[in-house]
Amino acid sequence: MVVQLDVNDPVEFRRVLARYATGVVVVSACANGVDHAMTANSLTSVSLRPPLVLVCVDRRARFHEAIMQAGSWAVSILGGKSRDAASWFATRGRPLRGQFAGYATSRGGLSGALMLDDALGRMECDTEAVHPGGDHTIVVGRVRSLDLLDSDGGSSPPLIYYRHGFRSPATE
Ligand SMILES: Cc1cc2nc3c(=O)[nH]c(=O)nc-3n(C[C@H](O)[C@H](O)[C@H](O)COP(=O)(O)O)c2cc1C
């Protein structure tokens, strides 16, 4: 059975997109001395040489102004145990100051952004290009540093966003 949905209805658009499973990251930046962060599943690898990634940032999100101002930012790739962080950094209107309290973090030496220590991998990026993308902005980052976090020997399951919910598949 095929159900055709209305492309002009954002709810129906999201119903189909929800069948595309993605990983989950927290993107972060320090702008004017304030630490900002946001849960995102739009992270995509763009290029290996040079190393580029992109993230799509909602123009209405507070993080939008922060990433534009900062010019450098960080990505923390979440593992299966980080549902709590994923939900928290997606909560609209959460207090900006102190939003990292309760999470172990390290400050990136290049970006100045706070990164989560309980991540599977981390990157620091300098903004290389910015493109309009409807109600989002496509921010392309040149990757400047890479961290692989292997506290349990590299067998941690990832955090997956699928059908509007967080999941963590058992790894093989
Ligand atoms: C799983 C998941 C993925 C998300 N991915 C993105 C994304 O890629 N880009 C984006 O702008 N917002 C994304 N969001 C929404 C933001 O996390 C959310 O709008 C933002 O944290 C709101 O914070 P603010 O009140 O500071 O604007 C996502 C939310 C969830 C739950």
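Student: Before I look at Arg 94, when does a residue count as buried or exposed?
Tutor: A residue is exposed if 12 or fewer other C-beta atoms lie within 10 Å of its own, and buried if 20 or more do. Keep in mind that this is a predicted model.

Student: So is Arg 94 buried or exposed, and why?
Tutor: Arg 94 is exposed, because 12 other C-beta atoms lie within 10 Å.

Student: Where is Arg 94 placed?
Tutor: Arg 94 sits in the loop between helix 3 (83–88) and strand 7 (105–107).

Student: Leaving aside its neighbours within four places in sequence, what is Arg 94 in contact with?
Tutor: Apart from those neighbours, Arg 94 is in contact with Trp 88 and Gln 99.

Student: New topic, the sheets. In what order do the 7 strands of the open sheet run?
Tutor: The order is 3-2-6-9-10-5-4, with antiparallel pairing. Its edge strands are strand 3 and strand 4 (44–47), each pairing on one side only. From one strand to the next, the twist averages 35°.

Student: Over how many bridges do strand 4 and strand 5 pair?
Tutor: Strand 4 and strand 5 pair over 3 bridges, in the antiparallel sense. As for residues, Thr 44 has Leu 54 in strand 5 as its bridge partner.

Student: What does helix 2 lie across?
Tutor: Helix 2 lies across strand 2, strand 3, strand 5, strand 6 and strand 10 (136–148). It runs at about 60° to strand 2.

Student: And what about the open sheet of 3 strands?
Tutor: That sheet has the order 1-11-12 and is antiparallel. Strand 1 (22–23) and strand 12 (165–167) are the edges. Between strand 1 and strand 11 (residues 160–162) there are 2 bridges, and Thr 22 has Tyr 161 as its bridge partner in strand 11.

Student: Now the largest nonpolar core. Which residues touch the most other members?
Tutor: The core has 35 residues, and those touching the most other members are Val 25, Val 26, Val 27, Ala 29, Ile 67, Trp 73 and Leu 78. The elements supplying at least two residues each include strand 2 (25–31), helix 2 (62–70) and strand 9 (119–133). Strand 2 gives the largest share, 6 residues.

Student: Why would nonpolar side chains be buried together?
Tutor: In soluble globular proteins, that is what nonpolar side chains tend to do.

Student: Last one: which residues are closest to the ligand?
Tutor: Of the 17 residues that surround the ligand, the closest are Ala 40, Ser 42, Asp 58, Arg 62 and Ala 90. Strand 3, strand 5 and helix 2 each give two or more residues to this shell. By class, the shell has 10 nonpolar, 4 polar and 3 charged residues.

Technical notes. Residues are numbered from 1 along each chain as its sequence is written. This is a predicted model: local features need pLDDT of at least 70, side-chain atom pairs count only at pLDDT 80 or more; totals for chains, interfaces and linings use all residues. A nonpolar core is a set of buried Ala, Val, Leu, Ile, Met, Phe, Trp, Tyr and Cys residues joined through C-beta atoms within 7 Å. Helices (H or I, at least four residues) and strands (E, at least two) are DSSP runs, numbered from the N terminus. A residue is near a molecule or strand if its C-beta atom, placed from the backbone, lies within 6 Å of it. Ala, Val, Leu, Ile, Met, Phe, Trp, Tyr, Cys and Pro count as nonpolar, Asp, Glu, Lys and Arg as charged, and the others, Gly among them, as polar. Two strands pair if DSSP finds at least two bridges between them. Two residues are in contact if their C-beta atoms, placed from the backbone, lie within 7 Å. Axes are lines fitted to C-alpha atoms, for helices over the stretch in contact, and angles run from 0 to 180 degrees between N-to-C directions.
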